[in-house]
Amino acid sequence: MDIRTNPAFLRGMTTSRRDALKLAGMSAAALALAACGVEGKKAEAPKKDAVADFWAGKKQNGTLRFANWPLYIDKDGKDYPSLKMFEQDKGIKVSYTEAIQDNGSWFGKIQPQLAAGTDIGFDLMVMTNGNQLQRALSLGYLAPLDHSKLPNFAANAAQKVKNPAWDPNNTFTIPWTLGVTGIAYNPEFVDEVTSMNDLWNPKYKGKVGMMVDAQEIANFGMFALGIDPEKSKEADWRKAAAKLQEQRDAGLVRKYYENDYIDALVRGDIWITMAWSGDVFQQITEGKNLKFVVPQEGATIWSDNMCIPKTAQNPVDALALMDYVYQPKIATMLVEYINYITPVPATKDLVLADAAKAEGEDKEFLEQLASSPLIYPSEADLAKMRGYLMLDSKTDQLFESIFQPVTQG
């Protein structure tokens with residue numbers, strides 16, 4: 001498989017994925033990985049017999065309808081190699097649709113059917129941790145997973161992605177892929193970055209990029225003050241907002257960006273910025289002289305997750321694919337195209353094995369992939385990462401009212 005024969009795909013992945021997350025004024029709180037604040041409401045785990053009851057009598061039908069985000073799976077021309085292998089190995093025909101553009105509009109589309117107990121037209125979907133997924137969980141819209149049918153997940157998933165606070169024991173979800181919000185900088189203009197407070201360095205006045213998303217900047221304001229965002233309260237938010245306002249008042253911030261921060265960094269409009277890991281990795285593989293770091297105070301990690309609607313017509317077939325992609329060889333195919341953090345650590349050795357067999361640009365790209373902390377964060381970096389605080393509708397309004405004045409002036 002020629003990794004570099006589709007550079008448009010590689011360029012499109014990071015931009016399109018994050019573009020989609022920002023559509024329709026989506027709430028910043030919709031990107032929580034491991035929220036455990038008191039304001040959030042966790043879904044109750046089903047009783048053991050409820051899991052058995054759901055799966056009783058259900059059989060493989062040989063059909064699977066899979067809803068995912070644009071450009072979020074390996075692709076070769078019109079084919080999806082990993083899905084083709086799944087079809088051949090399992091005898092299940094997959095109808096794959098890039099149906100999800102953002103969590104808010106997706107949930108708005110499927111919620112009426114789920115509330116009515118009717119089929120949404122899909123058996124498997126990928127949703128980002130946050131308000132919409134939390135609502136789906138709390139309203140009982142998702143099927144509890146039969147983990148006896150997920151042996152590859154049990155054997156190969158990274159410990160970090162197992163048993164998240166918002167979905168204990170992965171009762172309803174398992175990750176598709178993950179990403180990090182950290183700091184990117186141009187080493188031609190910026191000294192080595194180690195701390196969140198480098199974004200407050202007066203040497204970079206007018207050359208700092210910050211994100212307009214309230215939840216994103218809130219986490220960074222709290223990191224800079226040594227506050228754990230996942231355990232934060234209103235008093236912490238106000239301290240973080242004041243810290244961020246100091247940065248703005250000092251003229252350090254050139255602009256509060258959406259996706260366009262990466263273009264500004266490449267052009268030199270800004271020298272140091274908040275950044276998404278996949279965006280920076282893509283630029284590095286294209287030869288841009290950029291660095292990405294997880295500061296000593298921490299960074300934000302988020303997750304996109306596979307889940308089965310409770311009204312799915314083919315849930316056994318969906319469960320089969322969820323487990324199938326946790327085989328290291330299949331997960332390797334995915335990470336070599338998606339270029340975000342894989343939930344299967346064993347893929348690193350397989351990427352290196354592919355690199356050993358490759359030549360030229362393919363070899364160079366795969367070696368970069370395997371060695372990149374943007375794809376395979378160190379245990380030390382992972383230990384510093386935190387998720388976004390889960391907010392209900394009332395606290396979300398308060399949260400936004402505290403941080404929006406910073407970015408909107």
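Two strands count as paired if DSSP finds at least two bridges between them. With that rule in hand, the strands of this predicted model can be explored, and a good place to begin is strand E9, residues 299-307. Its link to strand E10 (residues 385-386) consists of 2 bridges, and the two strands run parallel. Within this pairing, Ala-299 stands opposite Met-385 of E10.

Strand E9 has further partners. Strand E4, which spans residues 174-185, is joined to E9 by 7 bridges in an antiparallel arrangement; here Val-180 is found opposite Ile-301. Strand E3 (residues 124-128) also runs antiparallel to E9, and 4 bridges connect the two. Across this pairing, Thr-128 faces Asp-304 as its opposite residue in E9.

How much of E9 is covered? The strand is mostly covered, with 9 of its 9 residues buried. This holds for both faces. On one side lie Ala-299, Ile-301, Ser-303, Asn-305 and Cys-307, on the other Thr-300, Trp-302, Asp-304 and Met-306, and all of them are buried.

A step back shows the setting of these strands. The protein has a secondary structure of 16 helices and 10 strands, and 57% of its 409 residues count as buried. Contacts across the sequence are plentiful in one particular sense: among those between residues at least 6 apart, 80% join residues at least 24 apart. The exposed surface comes to about 16,200 Å², of which carbon and sulfur atoms supply 49%.

Aromatic rings come next. A pair of such rings is described by the distance of the centres and the angle of the planes. The structure holds 15 aromatic pairs. One of them joins Phe-54 and Trp-55 in an edge-to-face arrangement, with 5.0 Å from centre to centre and 80 degrees between the planes. Are these two residues buried or exposed? Phe-54 is buried because its relative accessible area is 10%, which falls under the 20% cut-off. Trp-55 also counts as buried, because its relative accessibility is 10%. Phe-54 has a charged neighbour as well: Lys-58 lies over the face of its ring, 4.2 Å from the ring centre.

Another edge-to-face pair is made by Phe-66 and Trp-176, whose centres are 5.7 Å apart and whose planes stand at 80 degrees. This pair links distant parts of the chain, as Phe-66 belongs to strand E1 (residues 63-67) and Trp-176 to strand E4, 110 residues apart. Both Phe-66 and Trp-176 are buried. Together with Tyr-80 and Tyr-96, these two residues form one aromatic cluster. Elsewhere, the ring of Trp-200 has the charged end of Lys-243 over it, at 5.2 Å from the centre.

The last element to consider is helix H3, residues 81-90, in which Pro-81, Ser-82, Leu-83 and Phe-86 are buried. What covers these residues? The cover for the buried residues of H3 includes strands E1 and E2 (93-97), as well as helices H11 (315-324) and H12 (328-338). Strand E1 therefore appears in two parts of this account, because it also holds Phe-66. Just after H3, Gly-91 takes a positive phi of about 70 degrees.

Note on methods:
Residues are numbered from 1 along each chain as its sequence is written. This is a predicted model: local features need pLDDT of at least 70, side-chain atom pairs count only at pLDDT 80 or more; totals for chains, interfaces and linings use all residues. Side-chain values use heavy atoms; hydrogens and water are left out. Buried means under 20% relative accessible area, exposed over 50%, partly exposed in between (1.4 Å probe, protein chains only). Rings of Phe, Tyr and Trp (its six-membered ring) pair if their centres lie within 6.5 Å; planes under 30 degrees apart count as stacked, over 60 as edge-to-face and the rest as tilted. A charge sits over a ring if NZ of Lys or CZ of Arg is within 6 Å of the ring centre and within 35 degrees of the ring normal. Contact means heavy atoms within 4.5 Å. Accessible areas come from the Shrake-Rupley method with a 1.4 Å probe; for residues, only the protein chains shown count as cover.
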